[in-house]
Amino acid sequence: MTKSEQVLPAYTAFERRETRIESVYQGYLLALEQAGFDGDIDGSYSGRLMAATDNSVYQQLPQAVLYPRTTAAVQQAFALAQYDQFRSVKFSPRGGGTGTNGQSLSAGIVVDLSRYFHQVAEVNADEGWVRCQTGVVKDALNDAVREFGLFFSPDLSTSNRATIGGMINTDASGQGSLVYGKTSDHVLELKAVLLNGECITTAPKSLEQAQQIAATETLEGAIYRQVLATCVDLRDAIEAKFPPLNRFLTGYDLKHCYDPERQLIDVSRLLAGSEGTLACIVEAKLNLTPIPRHKVLVNVKYSDFQSALRNAPFLVKARATSVETIDSNVLNLARQDIIWHQVAAQLQEVEGQAMHGINMVEFTAVDDAEINEKVDSLTAALDDLINSQPELGVIGYQVCRDASSIQTIYAMRKKAVGLLGATRGRRKPVAFAEDTAVPPENLADFIAEFRAILNSYELHYGMFGHVDAGVLHVRPALDMTDPEDEVLLRQISDQVAALTAKYGGLMWGEHGKGYRSEYAPSFFGDELYGELQKIKAVFDPDNRLNPGKICTPFGTTAKLVSVDATKRGYFDRQIPIEVRDDYAAAMNCNGNGLCFNYAADSAMCPSFKATGDRRNSPKGRATLIREWLRLNAEHKFDATGFPQQGRFELFKQIPSAEKFDFNHEVKAAMESCLACKACASQCPVKVDVPSFRAKFLAWYYELYRRPVKDYLVKNVEPLAQAMAKWPRLGNLLSHNPFSLWVTRKLFGYIDAPKLSVPSAASRWKSRQWLHLSEHELAAMPKRELQQCVVIVQDPFTSFYEAELLEAFAQLALKIGFKPVLLAFKGNGKAQHVKGFLKSFKQTADKVASQLNAVAKLKVPMIGLDASTVLCLHDEYAQYTKHPINYQVQLVQEWLVDVLPERASAIAMKTPTQSLQLFTHCTEQTAMPKAAQHWQKIFSTWRIPLQVQASGCCGMAGTFGHEVENQAVSQKLYNLSWREKVEQEAVITLATGFSCRSQVERMSTKKRALHPLQWLAENCA
Ligand SMILES: Cc1cc2nc3c(=O)[nH]c(=O)nc-3n(C[C@H](O)[C@H](O)[C@H](O)COP(=O)(O)OP(=O)(O)OC[C@H]3O[C@@H](n4cnc5c(N)ncnc54)[C@H](O)[C@@H]3O)c2cc1C
Ligand code: SF4
Ligand code: SF4
């Protein structure tokens, strides 16, 4: 069979041992369902794949994922597993799934609290604490307590997606830990479900109380008996072994569980850092810290990274709250990332010197005078170093006092891991020795030796971290699909474990142990490791809670998990290399989870935000595509390129909801994507979901019949173009009650916009403006051509919002240009979105050729709709046979250039209400300067324009018009648009056609205008 004849196989059976749900688990899940489990039970292959990876190199398929809604449901799930027939069922709790060492991966059942355990139950501002469920994301918790002037202070880079449960169980910490400490330092009380279904509350207890509990015959009693025997009786051995670092080593904090001075026992200290091996923690009472009123960041610049490391103790001595570092590799990647636009002003290059490292020194204080004194004394000392000791490598510094700039610099630092993922080549930075901690005074020497190890293997790496605490994040680049690099990972792991021990440190300074648990016995020594095992045995004698992590139960032959466990690379390497290259966007996802960002006003990722289902996220979709490609490889099906033959619909199968096919699971995840493209620019490794989604849909619909509505979308451009010739008739035909009913019932579309009356073409004709083909343009005299601005039409504006085109033309005329409407040949974005790739390619070829011809004339080419203009560059570059020699600018990009010299020609009225601007989410993420440009344009007439942070409005092209997407569309609008749009006395401006349509139908009493329309309506 030739490639062009092949049809995607149906993946209907999973007979392979490793993908089948084991019979005991099938029985357990059925029993749980019959018992009325309050939550979701997901045994689907796609659902299990979502929990098979985290940010580590490992991949482990669980049997199922449970999403309990209540504590009682967790208790019920555990209690059911006590029946004899289910005693081999194992569990691993999970939160945000951002672990870097496979901590939450399991061959048993994953209990995921991130979907429903979101409640912040109680805030006591007077006493400074909060009680919350453990599925709450750390930043969301801080949102909830901010109004009280308090925050949960332990920080971590993944704060916008990691959960409180995950933080507690890895004892997370990060920037500012010298002052704010680790998560365990802030745990006041925990509610935990034990394996037998019992629920206990842990809080500090006097020795006497602890002994009373120990005397009871409950599981809790047994736990206290063991705790007293280990933590009190073996105090000396424990103190001798636990390193005097600010970092704790995950795995049962024997040292802090007992406070000999205050004679207190605190079992929460054992649970914190236990990586889900002792219990499922459902609720936490956490200590809160007053938000420092004053914060200043001093960014110190260095000629080399080693100088930055050696300079760290000097900075800490300056009474800094934290000192964070970044090396030149990370800096260079940040320079190429979208985030650089926001931080460049705070990290200006030093004239005549190359900046190869920075330290970010934070000062906090309760009053201005105190902070100024600290900052002044540091900057004076730095001036001195720069002038008198240039050999120390300090080349400059910048003081940053503005809160939002400080936040963006930290956002850049938090993005560092992701940025490293954008490293070119097959070798990508991977986590396995990424959070070493050594006493800070040893850091520079330790790093020198660490680098020597990596250099000896000629590996590329980037470094950043918390130099104040001696923690450095290093991710060497390896190709995990190459078995030889997998061997290297083991060798380097062993060497780094030995090196950290040599410098009195830990290999797991911050992220926990996970698959590195195999190093625990040698680290703790026989006696203390045995005690850890006894603790494990009393909680979980049969090794059923996250088995193999931290330690095994005392007296059993159970084994620890190992660094050599099955890795994602094992599965990825089964996909032929050319296929991997063709689907690089999906292959490159490194699972850092940035796309799980909880924040309503962030662009990524609307479908995940609206559904809470990780299948509907960029990571989820990339995971499913990789598995689909692997199955394709097993079946010798080549999914490179796209299907060429275009099979006749009648020859295709009708997709059946009853008949299982993994293709359907992948398709469901792809169809829920809004194609907003936020992932393509916001994901640090640019996982562009719409690019592989289109390919998948193209293959899928060669096997299965398409819904009729897809054909409507495919042909929407020529259809609208034809109807726009007689727009009144077109509207009559399309918007009468019968047609609306048919459109809804047959095509599943609602709220379609009406054609503009008069049409764009008629407006141009009546005003005698130029409406030309590329050939007619080329025939124009050169002098006349020089005055022209060419409007590249898009279907939305031209056919449904012709008044906007007219507004632009009027403005262009006022500033001395002739607006030329370029003959419409199509755009094709909708064809790409629906996976009609053959048709899309034809459209792209036609339009690219037209635009190339116009580009030769050297006239400005302007588009009004961001998503379609971006398509002319991004998607066209992947499909057209023509080179992309043209540059179509968005209207604000052009205006911002030409307006300063010409704006005096226009008098603008002063607005009576304030103006707020929403940029289209595709534009916001791909062109981060768009909002700034509009502000600049309005400032020409001294009109303030407030830019609103917003996520997707929920319309996204045709998505919001589809009946089946109404719930998601509305939810997204409510999440980040409705309240702002419906404010009193504010005029809303929105750059996206979709967004304006969404405002019109969701906030019926409000209107959103394109900024151009407002200008046109208000200029004299
Ligand atoms: C890019 C990147 C940067 C990172 N930076 C930092 C950093 O600065 N500081 C830091 O400390 N970590 C960091 N991490 C690691 C990771 O984010 C933390 O370990 C985080 O605390 C994990 O939270 P989570 O909700 O994702 O937990 P998961 O990964 O889901 O789980 C982590 C562990 O906690 C257990 N667990 C989760 N919830 C519960 C529960 N309710 N009850 C019992 N056990 C539970 C799981 O079984 C697992 O063992 C980083 C990770 C990435 C990918
Ligand atoms: S899609 Fe991007 S942001 Fe999401 S997990 Fe993958 S690499 Fe990270
Ligand atoms: S295109 Fe938008 S909805 Fe689709 S995966 Fe990317 S961010 Fe999510």
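Trainee: Which residue has a polar side-chain atom 2.9 Å from a nitrogen atom of ligand 1?

Mentor: The model is predicted, with pLDDT of at least 70 needed for local features and 80 or more for side-chain atom pairs, while totals for chains, interfaces and linings use all residues. Residues are numbered from 1 along each chain as its sequence is written, chains are lettered from A and ligands numbered from 1 in the order written, and side-chain values use heavy atoms, without hydrogens and water. The residue whose polar side-chain atom lies at 2.9 Å from the ligand nitrogen is Asn169.

Trainee: How far is a polar backbone atom of Met167 from an oxygen atom of ligand 1?

Mentor: The backbone also approaches this ligand elsewhere: a backbone N or O atom of Ser173 lies 2.7 Å from a nitrogen atom of ligand 1. For Met167 the partner is an oxygen atom of ligand 1, and the distance is 3.5 Å.

Trainee: What share of the area that ligand 1 exposes taken alone does the protein bury?

Mentor: Taken alone, ligand 1 exposes 960 Å² (Shrake-Rupley method, 1.4 Å probe). The share of this area that the protein buries is 99%.

Trainee: Which element gives the most residues to the shell around ligand 1?

Mentor: Three elements give two or more residues to this shell: β3 (91–94), α5 (164–170) and β13 (280–287). Helices (H or I, at least four residues) and strands (E, at least two) are DSSP runs numbered from the N terminus. With five residues, the element that gives the most is α5.

Trainee: How many charged residues are in the shell around ligand 1?

Mentor: There are 36 residues around ligand 1, each with a heavy atom within 4 Å. Among those that come nearest are Pro93, Thr98 and Thr158. The shell divides into 10 nonpolar and 22 polar residues, and the number of charged ones is four.

Trainee: How many nonpolar residues are in the shell around ligand 3?

Mentor: Ligand 3 is surrounded by 14 residues, and Cys605, Arg621, Cys673, Cys676 and Cys679 are the closest. At least two residues of this shell come from each of α24 (606–611), α25 (618–634), α27 (678–682) and α28 (689–703). One residue of the shell is polar and two are charged, and the nonpolar residues number 11.

Trainee: How many polar residues are in the shell around ligand 2?

Mentor: Around ligand 2 there are 13 residues, of which Cys589, Asn592, Gly593, Cys595 and Cys683 come nearest. Eight residues of the shell are nonpolar and one is charged, and the number that are polar is four.

Note on methods
A polar contact is a pair of N or O atoms within 3.5 Å; within protein, one must be able to donate a hydrogen and the other to accept it, and residues adjacent in sequence count only if both atoms are side-chain atoms. Ala, Val, Leu, Ile, Met, Phe, Trp, Tyr, Cys and Pro count as nonpolar, Asp, Glu, Lys and Arg as charged, and the others, Gly among them, as polar.
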